[in-house]
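Work through these exercises with the model open beside you. Try each task before reading its solution.

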Amino acid sequence: MDSARVRERMVALLARQGVSDPQVLAAMGRVERHRFVDSALANQAYEDTSLPIGLGQTISKPGVVARMLELLREPWVGSGQPLGRVLEIGTGCGYQAAVLSALAGEVYSMERLRGLHEKARENLRPFRLANLHLLLGDGMAGYPKGAPYAAIIAAAGGEALPTTWIDQLAPGGRLVAPVCQPNGAQALTVVDKTPTGIVQRFLEPVLFVPLKSGVA
Ligand code: SAH
């Protein structure tokens, strides 16, 4: 597969969908998404669809990954400051973690399913990303050892945001996660830890796998 060409087309589509952060587009253009899915699905890797990655989980659509990473970086764009330490909940196959590692100083990525944690480790080995740390554990508790985080991103949605995530966010930090609304549907949520308190916004509807507790 001439994957650079198909990635260019994917990036052009993301830009048409409204993603404008050049660093997010560049990172999405570099990371070879086909290396994170089963070889039988590799030919669909650059379409804007979610795909199964085993154990009932899915790799998010490129459009959703780009949208969330753009929201995550927004407070730092134009500030001249780099995005520092980031916590990702739900490593899955490791794709979004690889894109994040190009955008942040340090990335801690946590997965509760041992099978996927190990798969991600294997998928990511050839990329040799020294600033990416894979962790096996229940992300509901966050990862206090790496806190405080400039940003936290979750790829699984629960009924409410765990308060530990807000606690582990640095002042000025931002959280992007899917959260269930009272009507049961998930919405993309952005939480900012501002000097005057927590500011939460609900954006468009999304569909993520459920946030579950415990390690399995
Ligand atoms: N970003 C991933 C998407 C994976 S899907 C990728 O690029 O592939 C979401 C993942 O969140 C699943 O693998 C699921 O097992 C995991 N997950 C759900 N609840 C979790 C929790 N409490 N802690 C850590 N991971 C969790």
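**Exercise 1.** Decide whether Leu55 is buried or exposed, then place it in the chain and check its phi.

Solution. Start with the accessibility in this predicted model. Leu55 has a relative accessibility of 54%. The cut-off for exposed is over 50%. Leu55 therefore counts as exposed. Next, find its place: Leu55 sits in the loop between β1 (51-54) and β2. Last, check the backbone. Phi of Leu55 is near 55°, a positive value in a residue that is not glycine.

**Exercise 2.** Find the place of Arg128, and say whether it is buried or exposed.

Solution. Arg128 lies in the loop between α5 (114-124) and β5. Its phi is positive, about 45°, although Arg128 is not a glycine. Relative accessibility comes to 74% for Arg128, so it counts as exposed.

**Exercise 3.** Which peptide bond is cis, and where does Pro148 lie?

Solution. Look at omega. The bond that joins Ala147 and Pro148 has omega of about 0°, and it is cis. Then locate the proline. Pro148 belongs to the loop between β5 (132-136) and β6 (149-154).

**Exercise 4.** Sort Ile53, Ala170, Glu122 and Asp167 into buried or exposed, and assign each to its helix or strand.

Solution. Buried means under 20% relative accessible area, and exposed means over 50%. Apply that residue by residue.

- Ile53 lies in strand β1. At 4% relative accessibility, it is buried.
- Ala170 is part of strand β8 (residues 169-180). Its relative accessibility is 15%, so Ala170 is buried.
- Glu122 is in helix α5. Its relative accessible area is 55%, so Glu122 is exposed.
- Asp167 belongs to helix α6 (residues 163-167). With 56% relative accessibility, Asp167 is exposed.

**Exercise 5.** For each pair, compare the separation in sequence with the C-alpha to C-alpha distance: Ala170 and Ala151, Ile53 and Val99, Glu122 and Ile89, Asp167 and Gly56.

Solution. Read the sequence separation, then the distance in space.

| Pair | Residues apart | C-alpha to C-alpha |
|---|---|---|
| Ala170 and Ala151 | 19 | 7.8 Å |
| Ile53 and Val99 | 46 | 17 Å |
| Glu122 and Ile89 | 33 | 18 Å |
| Asp167 and Gly56 | 111 | 30 Å |

Now join this to the previous exercise. Ala170 is buried, and its C-alpha is 7.8 Å from that of Ala151. Asp167 is exposed, and its C-alpha is 30 Å from that of Gly56.

**Exercise 6.** How many residues surround the ligand, and which are the closest? How do the shell residues divide by type?

Solution. Count the shell. It holds 27 residues. The closest are Cys93, Glu111, Asp138, Gly139 and Lys212. Sort the shell by type next: 14 residues are nonpolar, 8 are polar and 5 are charged.

**Exercise 7.** Which helices and strands each supply at least two residues of the shell around the ligand, and which gives the largest share?

Solution. List the contributors. They are β2 (57-59), β3 (83-89), α4 (95-101), β4 (104-111) and β11 (209-210). Then rank them. β2 gives the largest share of the shell, with 3 residues.

**Exercise 8.** Which polar backbone atoms pair with the ligand's nitrogen and oxygen atoms? How much of the ligand's accessible area does the protein cover?

Solution. Take the nitrogens. One ligand nitrogen is 3.3 Å from a polar backbone atom of Gly90. A ligand nitrogen is also 3.3 Å from a polar backbone atom of Arg112. Turn to oxygen. A ligand oxygen lies 3.1 Å from a polar backbone atom of Cys93. Finish with the cover. On its own, the ligand has 580 Å² of accessible area, and the protein covers 99% of it.

**Exercise 9.** What pocket corresponds to the space taken by the ligand?

Solution. Match the ligand's space to the pockets. The space that the ligand takes is the largest pocket. Add the earlier result: Cys93 is among the residues closest to the ligand, and its backbone supplies a polar atom 3.1 Å from a ligand oxygen.

How values were computed
Residues are numbered from 1 along each chain as its sequence is written. This is a predicted model: local features need pLDDT of at least 70, side-chain atom pairs count only at pLDDT 80 or more; totals for chains, interfaces and linings use all residues. Side-chain values use heavy atoms; hydrogens and water are left out. A residue is near a molecule or strand if one of its heavy atoms lies within 4 Å of it. A polar contact is a pair of N or O atoms within 3.5 Å; within protein, one must be able to donate a hydrogen and the other to accept it, and residues adjacent in sequence count only if both atoms are side-chain atoms. Accessible areas come from the Shrake-Rupley method with a 1.4 Å probe; for residues, only the protein chains shown count as cover. On a 1 Å grid over the protein atoms alone, a cavity is a set of points where a 1.4 Å probe fits but cannot get out, and a pocket is an open set with protein on both sides within 12 Å along at least five of seven lines; lining residues have an atom within 4 Å of a point. A molecule sits in a cavity or pocket if more than half of its atoms lie within 2 Å of its grid points. Helices (H or I, at least four residues) and strands (E, at least two) are DSSP runs, numbered from the N terminus. Ala, Val, Leu, Ile, Met, Phe, Trp, Tyr, Cys and Pro count as nonpolar, Asp, Glu, Lys and Arg as charged, and the others, Gly among them, as polar. Buried means under 20% relative accessible area, exposed over 50%, partly exposed in between (1.4 Å probe, protein chains only).
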